[in-house]
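Here is a friendly walk through a few features of this model, meant to be read with the coordinates open beside you. We will take a sheet, some helix packing and a sulfur bridge in turn.

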Amino acid sequence: MTLRWSALLFSLCLLFAADEPRWLVLNRASREALAAKDYAGLRETLLELKPLLPGNPRVVYNLAVANARLGDAGGALAGLQDLANMGLIYDLSSSVDFLPLRSSPGFAAIVSRMEENKAPVSHSRPAFSLEERDLLPEDIACDPATRRFFVASVRASKIITVDGHDFAKTDWPVLALRVDSGHGLLWVASGWLAHCARCDKADEGKTALISFDLHSGAQRQKIEAPVKGLLGDMTIGRAGDIFVSESIHGAVFRLRSGSGRMERLDTPGEFASPQTPALSPDEKTLYVADYMRGIAALDLATGRLSWLKPVDGIALAGIDGLYLYRDSFLAVQNGTAPPRIMRFSLDLRQQQVLEANTPELGEPTHGTLVGNTFYYIANSGWPEYDDEGKKKPGSPPVQSSIRQIVLRNRVEPRR
């Protein structure tokens, strides 16, 4: 699900026991060093933290700040060049941290490159319009047998079809959808959120997986999560096993087909805010996007978890939706500036911007693959709400849409 940074910071402030994960210790220490303007301590901490948060642009940015403040112009410029190569945008010229660099030709070239990163990139075209306003749509799924598309609504706590009909309603917001065509089910991840238009505050912290008959919309099963929080994103295996993430406290679960109980797959403290999981073609590896830490690979046979290491110039933080397509990852990245749709090679050595800086994109959330076409939710409307789930004063009604991108055989790097 799309996680607001305030919720993520709240979860990161929770104290673990004496075996607190090293990345969490270092992350807290880096915030403290930055607040105290201890740039030597900040640099030392971030150099240790960087490999534990691979592809995190905030670490790269703060390391550039530390280097600039300590008089290491070369190190600072290398970090800023890395951010520019990621395709990201920062207002470097107005930052007092980089005053010592402003006379450098290298700095001017980086600022120019970031201006280029503001250019619109588009490979999409309209697929469907969602006529109902302020739905806060979060996920989309397709029944391959009927080609019927379903959309999850956070605000209205329901599932709709793209032709505007209500398919099913829930007590809480709907975050994720997956079709189990073999068993004739539509699976839903649902949980309490302040953005809900009609939720009971007493249900805060409650979350569940719910299945509905794929044809009638009748509810078949409801399985409450073994932990409080919010089941936000999920994927499904060929046999009907569900893999779902809990994004507030950080957990990943499996619900085996036919079971009524979820089993936890991760070690507590490993994830900051896990988002969409994606299965490898052989279904032996579960890739999990984490909003802060990047992409993890979980061996489902051994339980071993490792973090994928991108080359410099690839940002992996801020991924909300993650999908595998042939030899690549597709990523809906709404925790970066700019928000964008990305394609990364599986070895994370190449990347392609599929959509960014277009007026239609807004803040995207999730998508679904149908053959070689990627359908995704555009202009979800999340930025129009505050952290308490209230519509911001003066914000107009939001009309979201579904857009589609026809994918080519391989990643085409930006030239």
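In this predicted model, 4 strands make up an open sheet, with antiparallel pairing and the order β15-β16-β17-β18. The edges of the sheet are held by β15 (274–279) and β18 (305–307); each has a single partner strand, so one side of each is left without a neighbour in the sheet. From one strand to the next, the twist averages 25°.

If you would like to check the register at one end, look at β15 and strand β16 (residues 285–290): they pair in the antiparallel sense over 4 bridges. Within that pairing, P274 stands opposite D290 in β16. As a general reminder, the strands of a sheet pair through backbone hydrogen bonds, in either a parallel or an antiparallel manner.

Next come the helices, with α5 taking part in both of the packings described here. The table sets out the geometry of the two pairs.

| Helix pair | Axis distance | Crossing angle | Handedness |
|---|---|---|---|
| α5 (residues 73–85) and α6 (residues 105–116) | within 9 Å | roughly 15° | left-handed |
| α4 (residues 57–69) and α5 | 8 Å | about 155° | left-handed |

The axes of α5 and α6 cross at roughly 15°, and that makes α5 roughly parallel to α6. On the α5 side, the contact is made by L77, L80, Q81, L83, A84 and N85, while α6 supplies G106, F107, I110, R113 and M114. Sorted by class, this contact has 7 nonpolar, 3 polar and 1 charged residues.

How do α4 and α5 run relative to each other, roughly parallel or roughly antiparallel? They pack at an angle of about 155°, which makes α4 roughly antiparallel to α5. Here α4 contributes P57, V60, Y61, A64, N67 and A68, and α5 contributes G75, A76, G79, L80, D82 and L83. The residues of this contact divide into 8 nonpolar, 3 polar and 1 charged. Comparing the two lists, you will find L80 and L83 of α5 in the contact with α6 and again in the contact with α4.

Finally, how many disulfides are there? Taking sulfur atoms within 2.5 Å as the criterion, the count comes to 1 disulfide. C196 and C199 form the bond, with their sulfur atoms 2.1 Å apart. The torsion about the S-S bond of C196 and C199 is about 85°, so this disulfide is right-handed.

Terms used: Residues numbered from 1 in each chain as written. Predicted model: local features only at pLDDT ≥ 70, side-chain atom pairs only at ≥ 80, totals over all residues. Heavy atoms only, no water. Pairing = 2+ DSSP bridges. Axes fitted to C-alpha atoms, helices over the stretch in contact; angles between N-to-C directions. Parallel < 35°, antiparallel > 145°, perpendicular 65-115°, else oblique. Left-handed = near helix turned anticlockwise from the far one by under 90°. Contact = heavy atoms within 4.5 Å. Nonpolar A, V, L, I, M, F, W, Y, C, P; charged D, E, K, R; others polar.
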